[in-house]
Amino acid sequence: MASDPRVIRKEEADREGVASMLFLPVRDSKGVNGLMQLYFSEGKKLGGEELAFLDALAELGGFILEKAEAQELLLRDAEDAHRDLLQMRKERRHFLSFLSMVTHDLKSPLVAVQGYLKVLLRKSADCLDERMIAGIRRSIQRLDAMMELVSDLLELSRLESGQMLYEFKTVSWEEVLGAAVEMAHELAEPKGITVATEIHRPLPEVFASDIRLQQLILNLVSNSVRFTPRGGRITIRARLENDAVIVGVEDEGTGIEPEKLPHIFEEFYKGDPESPEGTGLGLSICKRIVDQHHGAIWAESPVPETKKGTRVTFSIPVGVICRLEDKWLLEENVSPSLPGKPKGGKE
């Protein structure tokens, strides 16, 4: 301590009029972290209570210093994590942009091959044996699956890029549900599935993308149709609750196993990886749509009231909401030559 420049020397003490000094250790959970120095202008003898008070004060100082250091470290870690997150988002956008380009280029030849096979099957069936016909039909089914995957990948990249924000406007929930229910009947009809509705009117207008809300409902209905047995029932419910519109799609299907339920909104997750049906992106796209409307989505299986099937519910707030991240997404997609227009927009 004698060599510590922070400790006052005798010559300096005499010059400053310091008659006596007291040094107390400042401790934290790891040990001594510093010294608390007290200087008096006259000789002073401290009693036990005074020393105890000063010792407690030094201990409090050590606690405060330790917490301040921990907070500083935490802030540095948070800044590093935020920087890493921004970098990951940037890399993800680049990847999805590349993926969008590749899938877009794949779509045209896939459509051409699919069309050719369908024409071949329709016009040349008499010239083909059963084995060849079965092979062509399998190829068409696989192409259908590939087309679905390509479409879902393109949709995912559009949602990630923030393009959907340009579709937002004041829309009527009545019209959204009406159009979605009409298309839901068309999806369910081939399997003889009944689509019922329980809509508690009136429902308010909302600042949203009507196209995406319809897509969201139809994606859920499509999932329900896939897992509901022929002749079953799907119910679409909607109500206003706490300044949000709550929409649920409920089916009488096989349900989802409890250990799989937390993962169903993850990208490329399929409850049955061996199943040729679905891409594992449908519910992930649903979640993206809900997220960009600042809502929430969740699933229950089995449905609590019926003890069977699955119910997926989402909520969309009624108020106009625009977060900073939306603004940044918009700015990132604005062309410098055309202020306010998305990149690639037509003049």
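Is Lys30 buried or exposed?

1. Lys30 is exposed, its relative accessible area being 80%. The model is a predicted one, and the values in this note are to be read with that in mind. Lys30 lies in the loop that joins β1 (20–28) to β2 (31–40). Between the C-alpha atoms of Lys30 and Glu66 the separation is 9.4 Å, although 36 residues of chain lie from one to the other.

2. Gln214 is a residue of helix α5. With a relative accessible area of 18%, Gln214 counts as buried, because the cut-off for that class is under 20%. Apart from neighbours within four places in sequence, Gln214 has contacts with Glu175, Val176, Ala179, Ala180 and Met183.

3. Helix α5 (residues 210–227) also packs against helix α6 (residues 282–292): their axes come within 10 Å and cross at roughly 150 degrees. The angle is over 145 degrees, so α5 is roughly antiparallel to α6. The crossing of α5 past α6 is left-handed.

4. Which residues of α5 and α6 meet? From α5 they are Arg212, Gln215, Leu216, Asn219, Leu220 and Asn223, and from α6 they are Gly282, Leu283, Ile285, Cys286, Ile289 and Val290. Sorted by class, this contact of α5 with α6 has 7 nonpolar, 4 polar and 1 charged residues.

5. On the strands, β4 (residues 194–199) pairs with β6 (residues 233–241) in the parallel sense, over 6 bridges. Within that pairing, Thr194 is placed opposite Arg233 of β6.

6. Strand β6 pairs as well with β7 (residues 244–250), here in the antiparallel sense and over 7 bridges. Glu241 has Ala244 in β7 as its bridge partner. The hairpin of β6 and β7 has 2 residues between the strands, and in it Asn242 takes a positive phi near 50 degrees. A reader checking the backbone may look at Asn242 in this hairpin.

7. Which side chains of β8 (residues 296–300) are buried? Side chains alternate along the strand: Ile297 and Ala299 point to one face and are buried. Ala296, Trp298 and Glu300 point to the other face and are not buried.

8. Strand β8 is paired with β9 (residues 311–317) in the antiparallel sense, over 5 bridges. Opposite Trp298 stands Thr313 in β9. Trp298 is thus placed twice in this note: by its partner Thr313, and by the face of β8 that it shares with Ala296 and Glu300.

Conventions. Residues numbered from 1 in each chain as written. Predicted model: local features only at pLDDT ≥ 70, side-chain atom pairs only at ≥ 80, totals over all residues. Heavy atoms only, no water. Axes fitted to C-alpha atoms, helices over the stretch in contact; angles between N-to-C directions. Helix = DSSP H or I, 4+ residues; strand = E, 2+ residues; numbered from the N terminus. Parallel < 35°, antiparallel > 145°, perpendicular 65-115°, else oblique. Left-handed = near helix turned anticlockwise from the far one by under 90°. Contact = heavy atoms within 4.5 Å. Nonpolar A, V, L, I, M, F, W, Y, C, P; charged D, E, K, R; others polar. Buried < 20%, exposed > 50% of the residue type's maximum accessible area, 1.4 Å probe, protein only. Pairing = 2+ DSSP bridges.
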